[in-house]
Amino acid sequence: MTTREITTHSAEETIALGLTLARLLAPPKLVLLRGDLGAGKTTLIKGIAAAFEAAPEEDVTSPTFTLVHEYRGPLAHLYHIDLYRVDTPRQLETLGLDDLFAEDSILLIEWGEKFPRLVRDRDVEIALERVGENDRKIQITSC
């Protein structure tokens, strides 16, 4: 397990970090993103999606109500998944996440720590913490 910590000082820096994470996230990958509401998880994913040419930054939004957003690119198939409103293993099963996992896919899962199976199966975990108005402490762990 390898861990590194980075502090960003603006949304633009958080997006730029997402762009640089692409080399760490070569598919297939299951990535858990931890952090309170407003910690910057979706902002980081904007950069990741842009790096994989799957979506422009402005098209990446939180899937809080739809639960899954799909971004198809020539380099990877990204699934941005928000489990904030998913409470039981049965509800998780109905999402069919296992069907999304393929050789060219990256599952970016917010609130996945609620489910032990996802914690166990993760390849990378990214924890974001607000440490100021615009500052974010971001810890990246490769499992």
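Analyst: Two strands pair if DSSP finds at least two bridges between them. The model here is predicted, with pLDDT of at least 70 needed for local features and 80 or more for side-chain atom pairs, while totals for chains, interfaces and linings use all residues. Residues are numbered from 1 along each chain as its sequence is written, and side-chain values use heavy atoms, without hydrogens and water.

User: What makes β2 and β5 a pair?

Analyst: Five bridges join strand β2 to strand β5 (residues 105-110). The rule asks for at least two, so β2 and β5 pair. The two strands run parallel, and L30 has L107 in β5 as its bridge partner. The strands themselves are DSSP runs of E with at least two residues, and helices are runs of H or I with at least four, both numbered from the N terminus.

User: How many bridges join β2 to β6?

Analyst: Four bridges link β2 with β6 (residues 124-130), also in parallel. One position to look at is V31, which stands opposite V124 in β6.

User: Why is β2 called largely enclosed?

Analyst: Five of the six residues of β2 (residues 29-34) are buried, so the rest of the structure largely encloses this strand. Buried means under 20% relative accessible area, exposed over 50%, and partly exposed in between, with a 1.4 Å probe and protein chains only.

User: Why does D82 have no salt bridge?

Analyst: D82 lies in strand β4 (residues 77-82) and is buried. A salt bridge needs a side-chain nitrogen of Lys or Arg within 4 Å of a carboxyl oxygen of Asp or Glu. For D82, the nearest side chain of opposite charge is that of R85, 6.9 Å away, so the 4 Å limit is not met.

User: What touches D82?

Analyst: Leaving aside residues up to four places away in sequence, D82 touches S62, P63, T64, L67, E110 and W111. Touching here is contact, meaning heavy atoms within 4.5 Å.

User: Why does L67 count as buried?

Analyst: L67 has a relative accessible area of 18%, and the limit is under 20%, so L67 is buried. This residue sits in the loop between α2 (41-51) and β3 (68-72). Its phi is near 75°, a positive value in a residue other than glycine.

User: How do you know that W111 counts as buried?

Analyst: The relative accessibility of W111 is 13%, so W111 meets the same limit of under 20%. W111 belongs to the loop between β5 and α5 (116-121), and has a positive phi of about 65° although it is not a glycine.

User: Which peptide bond is cis, with omega near -5°?

Analyst: That is the bond from P27 to P28. P28 lies in the loop between α1 (11-20) and β2. Most peptide bonds are trans.

Key
Lys and Arg count as positive and Asp and Glu as negative; His and the chain ends are not counted.
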